[in-house]
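Q: Please take one part of this model and look at it closely. I would like a connected account, with the cut-offs behind each term.

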Amino acid sequence: MSMPSTPSKFLEQSGYRQRRMMDALRLLPVLGLLLWLFPIFWPTGLNVSNNNDPVSTSSAVIYVFLVWGILILLSSILRWCLRHTLEQETTTDLDDMDVGKTGQ
Amino acid sequence: MTSVNQLIGVSFAYVIFLFAIAFYAERAAALGRRGWLGSPLVYTLSLSIYCTAWTFYGAVGYAARSGMEFVTIYLGPSLVMIGWWWVLRKLVRIGRAQRVTSVADLISARYGKSNLLAIVVTIMAVVGVTPYIALQLQSVTLSLAIFSGPDGTNSFSQPGAAFWIAVGLAIFTVLFGTRNLNTNERHDGIVIAIAVEAGVKLVALIAVGVFVVWGIAGGIGPMMERIDTSPIGEWGVDPNRWVALTALSAAAFLCLPRMFQVLVVENQDERHLQIASWAFPLYLMLMSLFVVPIAVIGLDLMPAGSNPDLFVLTVPLAEGQIGLATLSYLGGFSSATSMVIVATLALATMVSNHIVMPVWLSVHGNGASVSGDVRNVIIFARRTSIMVIIGFGYLYYRLSGGGAALAAIGLISFVGVAQFLPAMLGGIFWRGATRTGALSGLIVGFIIWVYCSLLPSFGPGAILSLEIFENGPWGVSLLRPLALYGIEGMDATVHAMVWSLTLNTFAFIVISLLTFPDPLERLQGAQFVNVFNHSTQTRGWEATLATSEDLMIMSQRILGPTEAQNLFRVEARKQGMHGYLPEPTQAFLQNLERELSASVGAATAHAMISQLVGGASVSVQDLMAVADESAQILEYSNQLETKSDELARTARQLRDANDKLTALSVQKDAFLSQISHELRTPMTSIRSFAEILLDTEGLGKLEKTEYASIIHGETIRLTRLLDDLLDLSVLENGQVNLNVENGRLSKVLEKAILTAQAVAIRQLKVTRRHLDEAITLKTDLDRLNQVFINLITNAQKYCDADEPTLTVEVLLSDEIVSIVFADNGTPIPVSSRAVIFEKFARIEEAESGGAGLGLAICKEIMTRLGGDIRYVPNLSGNAFIVDLPR
């Protein structure tokens, strides 16, 4: 996951890596959604007919916060790796916009 | 135990501290020393107004009642932030590009700058958020009441406290929220104040949490055990609510006016959003980390029946931790005040821009051209709106009696504002969304929300009678507010959310599909949806009517003299002019409209400019004109293309002609020298022999005869040459008399061949097809004969084959007789072909002494006879074709 520091002759490869990291950044909320939706399948204390013991709140707390931590970590790492790409996009576009030019 | 008065003193000190910080920040910003004010940290912390007193106190109470379900309120926003790339990025970009001032402004701008839509959104937001403001007032007074002791009323009146808190918040918001008119400019004072408050509430909650886990429970391990043995020790979350509340909080996070204010309007740098995409979830995680432990310990320590909503305060108090309790109180106070300030500011912007200003403009007639400083009006409108909204909140608090009904308002408010979601997301992702569709969706959603969520929240008998709850209005049980369509047993919040959002979305989509947007809507739609490929610019104003002076006067009233003059001067300089008044170009008017809309909202700015400029910027006619224009341009370019092709052709012809002329000129020179030579040679020999005859004595008879015959021969040659020249000249001048008579082609050919071969040195084999030649011609037979002779003698002279052969063929068509003379010699070089019919043209290598006039004469004759003579290179030699009309 290292970021190539100079755009040397491996530009192709690093560009590819950047794109895939962009994909990952975009898919991150989907991962979060899936992981956080998972608890709806847990046995609850409400329907006792179920043979399974309900999940204890302490495990639930650990699970939810673990997912949270992972998402935050991944999000910050991806954002850090992609900072140049994102920066470029932001600045070029904004310059254009603030002056109210008619686009390039 | 600390007294209420002391606590009020602490609150005052804290508020003064906030005022000071806000004031300092404004000063620093004014001096241009933003520094850390504009850091992503401040942006992230300012987002924390999502965590209101309802979440600060309420989350623990929520956890004490329903376990882990409370966390859904944080999961939704976390997902939205982590997925910033999808929606927030676009919202922020649009917000910056369009100078959006509020969520109502966004929706109104997207759907053709419709003020009606803005009014509807504003009203919905006010109705949805005002109770929420009341909730904040309630939470602060409740927490104060906790400190006043169990009996609670000796020195302290809750409504009185609520009143003074409301007044204080109103002053703060007016002071720092309406300092500058341009809502697009950052409210540095407010932002910094809420960032500080965000820090305070996080620190407070974590401090209480740490105290609870390590101070009371004795570490993480024992804490976990206590959690599992507590009443909320088992996972007991209803899956429906888990999913629905996560989705709801995500929607509300995007739609809440105050969140929109800090996320989009106050955003100064898109990179801040990128940082906040992970930093804000981290904040939320920390805010909820100790909620369950505090709830569990509270349930354990506090006597049964105590309010779990206040565990954050009561647990430290019960343990004698006055300092911690005070910190916790300040955390709750911060949550409440920051929410009220920003929510009020956002609502006041909406109310003043979309309701007060349009009304004021229409009452004062001529809109933009009113006298006086409009800025004062706007600022006054905004300040009044702030006070009215906080007043509403206070009134709501008093009317609802501060009971449990208020506590439920958090989720209800969420469902209310979530009604903006379809119109908002549809607007930025779907170009087909129309104003009518958005309006229908919003109204449908709003009605269902009021009926299924807001009104029932007051309880049976308050507004809706018990009868309606049980049997539905007019006894129609399908319309029961908590069981629409007879679906019972659904959780009330989930029920209201599912029905309102589903029908809202349905109405929005179906009506959008059925209706047709007007041109401005379509252009705005394209701009919003394609905000990242910023080539689509709204077709601007036709500034024929607007003069720069009028615009200047109007802008000064809204932006203030200095700002307006700066704007105009910069533009004038950009246009390369001196002074203050630029040309009112389209680009400038667009820019001006955006600047104005940052102050008064898109719809009002649009209306004001259109009053000066005269009419809407984009009419169907305009669009048609654009379409026409492009069609014309297309046609014009086609014409140009045709013309340029024509020119290219002409140029090619001219080039050919020039080549031909050059070649001719060269040949003419050659001919002149040739002809002088030709004339000279016989003349020389005639002269010499004549001199011999004259001067030489005693020449023999034989010699005399020989010399005389040479002179005679040379004279004949000269005569022939001169005859040819004369002939050509006559033919060319059109002075020739044609002797037209009937005759057979075969005879003419016969004669020509005989004549030609009579004088020939080499024998030429002539192949004919006599059958084909049996046709009668009506033409000048002598002239035709001359042409034939010329062609045959040419073949005799120039055909270099070992056995020279001439094939004469006759081809008949309806109108033309073609006589082909094909030989088997070397084909004439390509370079010479073009000029063989010209006068003086001779093939260079040919050394046969012709003057190069034969074919020119033929050409002239054939033209006179109404026919033609052509050269065709043959596979095995040359062919000349003589065409004659029949």
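A: What follows is about the contact between chain B and chain A, with a helix and some single residues of chain B taken up afterwards.

The model is predicted, so that local features need pLDDT of at least 70 and side-chain atom pairs count only at pLDDT 80 or more, while totals for chains, interfaces and linings use all residues. Residues are numbered from 1 along each chain as its sequence is written, chains are lettered from A and ligands numbered from 1 in the order in which they are written, and side-chain values use heavy atoms, with hydrogens and water left out.

Chain A has three helices and zero strands, with elements that run α-α-α from the N terminus on; helices (H or I, at least four residues) and strands (E, at least two) are DSSP runs, numbered from the N terminus. Of its 104 residues, 35% are buried, where buried means under 20% relative accessible area, exposed over 50%, and partly exposed in between (1.4 Å probe, protein chains only). Among the contacts in chain A with a separation of 6 or more, 66% come from residues 24 or more positions apart, a contact being heavy atoms within 4.5 Å.

Where the chains meet, 48 residues of chain B are in contact with 48 residues of chain A. The two chains bury about 4400 Å² between them, 67% of it on carbon and sulfur atoms; this buried area is the accessible area (1.4 Å probe) that two parts lose on being put together, summed over both. Between chain B and chain A there are 12 residue pairs in polar contact, both residues at pLDDT 80 or more. Such a contact is a pair of N or O atoms within 3.5 Å; within protein, one must be able to donate a hydrogen and the other to accept it, and residues adjacent in sequence count only if both atoms are side-chain atoms. On the chain B side, the elements that give two or more residues are H5 (72-82), H6 (88-97), H11 (220-229), H12 (239-255) and H14 (270-289), and H14(B) gives the most, with 12 residues. By class, that side has 27 nonpolar, 10 polar and 11 charged residues, with Ala, Val, Leu, Ile, Met, Phe, Trp, Tyr, Cys and Pro counted as nonpolar, Asp, Glu, Lys and Arg as charged, and the others, Gly among them, as polar.

Helix H15 of chain B (residues 291-301) is largely enclosed by the rest of the structure, because eight of its 11 residues are buried. Those buried residues include B:Val291, B:Pro293, B:Ile297 and B:Gly298. What covers them includes helix H2 (57-81) of chain A together with H4 (58-66), H10 (188-217), H11, H14 and H16 (311-318) of chain B.

Two loop residues of chain B have a positive phi although neither is glycine: phi is near 50 degrees in B:Arg99 and near 50 degrees in B:Lys113. B:Arg99 is found in the loop between H6 and H7 (103-110) of chain B and is buried, with a relative accessible area of 11%. B:Lys113 is found in the loop between H7 and H8 (115-147) of chain B and counts as buried at 14% relative accessibility.
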